[in-house]
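Grab a pencil and work through these exercises with the structure open beside you. Try each task yourself before you read its solution.

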Protein chains: 2
Amino acid sequence: MATESVTDAGRNPRERYRAQVRDEVKRHAWEQIATAGVTALSLNAIAKEMGMSGPALYRYFAGRDELITALIRDAYRSLADTVRAAHQAGTTVVGLAAVIREWALSDPHRYLLIYGTPVPGYHAPDDITAISDEILVVLLEVCGGSPDEQPRSPFDVVLGLNGGWAGALPASPPTVHRALSFWTRLQGVLSLELAGHLTPMGFDPGLLLAEEVADL
Amino acid sequence: MATESVTDAGRNPRERYRAQVRDEVKRHAWEQIATAGVTALSLNAIAKEMGMSGPALYRYFAGRDELITALIRDAYRSLADTVRAAHQAGTTVVGLAAVIREWALSDPHRYLLIYGTPVPGYHAPDDITAISDEILVVLLEVCGGSPDEQPRSPFDVVLGLNGGWAGALPASPPTVHRALSFWTRLQGVLSLELAGHLTPMGFDPGLLLAEEVADL
DNA sequence: AGCTGAAGTTAGATGCTCTAACTGTTGTGA
DNA sequence: TCACAACAGTTAGAGCATCTAACTTCAGCT
């Protein structure tokens with residue numbers, strides 16, 4: 001989950017210790033988030049749990065925001081890895097949707113950290129948008145049809161316009177359209193399910209999701 | 001926006017004044033939310049803006065949470081009114097989707113208050129779920145087909161099961177299914193758009209949304 | 001006119017983020 | 001080997017938040 005320890009091998013002992021503490025802080029942060037949400041995340045409380053007093057954590061994170069940014073990065077990384085693994089195992093769109101749903105349900109607050117209400121001032125750094133692009137690429141591959149598909153709807157035509165965003169992607173407009181539909185339908189079911197808006201209805205949201213993405 | 005003043009007519013002056021102040025508090029609250037999000041909402045700051053000091057507001061709202069609950073109620077009310085008005089004007093599903101999208105875009109934080117990341121401890125009171133049911137009823141009417149439609153997918157069958165949630169609704173399983181698809185697809189596009197995840201892609205999310213709900 | 005209760009006040013308990021100044025400790029280069 | 005620079009952690013405190021408690025003032029009702 002915390003992904004900075006991969007660099008443990010190299011570096012001097014100082015940096016190794018540093019990375020270790022950063023990881024432990026994040027572990028406690030995830031615990032807090034899982035039980036009470038992001039808003040309840042408190043550097044102070046984490047410090048206390050780790051047996052040190054308040055401001056010590058500022059050696060490791062510039063502030064609450066930087067910690068949250070690090071958590072968001074880890075969450076994206078985790079999702080991207082999950083998606084990639086499913087793709088390499090040769091999944092269908094329905095299977096991929098189920099995998100992502102499982103990932104979200106296994107830790108709702110981690111999902112909400114990425115796709116929930118955005119923090120007003122926050123702007124994702126480049127390395128995070130890069131991870132999000134990784135996910136998109138896998139999506140396009142899973143949704144890919146024949147490479148010379150022609151546009152078949154007004155939105156396809158818009159996507160096919162030269163100079164646009166979709167023009168730079170290695171996929172035909174209908175494929176991009178399918179990927180976007182997949183993504184938005186998935187987010188639709190998931191965001192409502194995780195916010196509890198589907199709970200009183202008593203059916204299995206997974207069934208609805210499966211049919212939503214099946215006819216792409 | 002603030003809906004308690006409808007009862008202004010009756011009551012003694014004390015209660016009238018009370019309702020007036022509550023409304024003014026909510027007006028300031030919406031302003032704060034619109035500029036900095038819910039997390040930045042501060043009773044203290046509102047009190048200062050209104051020219052009174054801190055704890056005075058606790059005469060009008062038991063605490064931050066009760067204020068937020070009142071705001072959520074107003075947000076739901078506003079959405080329900082918008083949806084109802086569109087329906088009475090005889091809109092199609094595509095038109096309704098556009099209307100709701102406009103409503104959300106006109107005040108993103110109001111939308112996010114309802115459908116964004118939920119507050120961990122929060123459970124909506126009954127009068128709020130009642131408003132949400134109002135919305136559902138309109139949705140069912142807009143999505144309604146012939147009244148004796150037969151189930152045509154596994155999920156339709158699940159919805160048609162006796163004793164289930166959908167069984168109590170005045171609509172056939174396929175109609176309920178359409179309404180759910182409409183709702184989840186709408187939330188999918190909107191939540192991604194409002195969280196800014198669609199911005200770097202440069203296309204008009206309204207176009208995507210229109211096609212998402214057109215083929216129901 | 002006088003009583004009752006609500007509105008608003010200040011003081012303060014508690015918790016948070018974050019800065020500043022200080023004290024140890026540890027890794028490292030001379 | 002040992003001095004020193006860099007870093008880990010400490011306490012103190014500013015500033016802001018929610019919320020409680022006790023007090024004062026004022027308005028409406030009988």
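The exercises below go from the whole chain to single residues, and they all use a predicted model.

**Exercise 1. Get to know chain A**

Task: Describe the secondary structure of chain A, how far its C-alpha trace spans, and what share of its residues count as buried.

Solution:
- Step 1: Start with the secondary structure. Chain A has nine helices and zero strands, so you can read its pattern along the sequence as α-α-α-α-α-α-α-α-α.
- Step 2: Look at the extent. The C-alpha trace spans about 60 × 45 × 35 Å along its principal axes.
- Step 3: Now for burial. Chain A has 216 residues, and 34% of them count as buried.
- Step 4: Finish with the contacts. Take those in chain A between residues at least 6 apart in sequence: 62% of them join residues at least 24 apart.

**Exercise 2. Find the symmetry**

Task: Work out what kind of axis relates chain A to chain B.

Solution:
- Step 1: Recall the general idea. Two copies of a chain are related by a rotation about an axis and a shift along it.
- Step 2: Put in the values. A turn of 180 degrees and a shift of 0.0 Å along the axis lay chain A on chain B, with an RMSD of 0.1 Å.
- Step 3: Name the relation. This is what a two-fold axis does.
- Step 4: Check the contact surface. The same surface serves both copies, as 100% of the contact residues of chain A recur in chain B.
- Step 5: Find the residue of chain A that comes closest to the rotation axis. That is A:Gly188, with its C-alpha at 1.7 Å.

**Exercise 3. Take the interface apart**

Task: Say how many residues each chain puts into the contact, and which helix of chain A gives the most.

Solution:
- Step 1: Count both sides. Chain A puts in 35 residues and chain B puts in 35 residues.
- Step 2: List the helices. On the chain A side, helix 5 (108-115), helix 7 (154-160), helix 8 (173-194) and helix 9 each supply at least two residues.
- Step 3: Pick the top contributor. Helix 8 of chain A gives the most, with ten residues.
- Step 4: Sort by character. The chain A side divides into 19 nonpolar, 13 polar and three charged residues.

**Exercise 4. Two helices that pack**

Task: Describe how helix 4 and helix 9 of chain A pack.

Solution:
- Step 1: Give the geometry. Helix 4 (residues 93-106) and helix 9 (residues 205-214) of chain A have axes 9 Å apart and an angle of about 140 degrees. Their crossing is right-handed.
- Step 2: Find the residues that touch. Helix 4 of chain A brings A:Val93, A:Val94, A:Ala97, A:Ala98 and A:Arg101, while helix 9 of chain A brings A:Gly206, A:Leu209, A:Ala210, A:Val213 and A:Ala214.
- Step 3: Sort them. You get eight nonpolar, one polar and one charged.

**Exercise 5. Look inside**

Task: Find out which residues touch the most other members of the largest nonpolar core, and what covers helix 5 of chain A.

Solution:
- Step 1: Go to the core. It has 97 residues, and among those touching the most other members are A:Ala97, B:Ala97 and B:Leu186.
- Step 2: Follow B:Leu186. Leaving out residues up to four places away in sequence, B:Leu186 touches A:Gly188, B:Ala97, B:Ile100, B:Leu209 and B:Val213.
- Step 3: Turn to helix 5 of chain A. Eight of its eight residues are buried.
- Step 4: See what covers them. The cover includes helix 1 (13-36), helix 3 (64-88), helix 4 and helix 8 of chain A, together with helix 8 of chain B.

**Exercise 6. Buried, partly exposed or exposed?**

Task: Place A:Thr199, A:Pro151 and B:Thr69 in the right class.

Solution:
- Step 1: Use the cut-offs. With 20 or more other C-beta atoms within 10 Å a residue is buried, with 12 or fewer it is exposed, and in between it is partly exposed.
- Step 2: A:Thr199, in the loop between helix 8 and helix 9 of chain A, has 10 other C-beta atoms within 10 Å, so it is exposed.
- Step 3: A:Pro151, in the loop between helix 6 (126-143) and helix 7 of chain A, has 15, so it is partly exposed.
- Step 4: B:Thr69, in helix 3 (residues 64-88) of chain B, has 19 C-beta neighbours inside 10 Å, so it counts as partly exposed.

Key: Residues numbered from 1 in each chain as written. Chains lettered and ligands numbered in written order. Predicted model: local features only at pLDDT ≥ 70, side-chain atom pairs only at ≥ 80, totals over all residues. Least-squares fit on C-alpha atoms with pLDDT ≥ 70 in both. Contact = placed C-beta atoms within 7 Å. Axes fitted to C-alpha atoms, helices over the stretch in contact; angles between N-to-C directions. Helix = DSSP H or I, 4+ residues; strand = E, 2+ residues; numbered from the N terminus. Left-handed = near helix turned anticlockwise from the far one by under 90°. Nonpolar A, V, L, I, M, F, W, Y, C, P; charged D, E, K, R; others polar. Core = buried A, V, L, I, M, F, W, Y, C linked by C-beta atoms within 7 Å.
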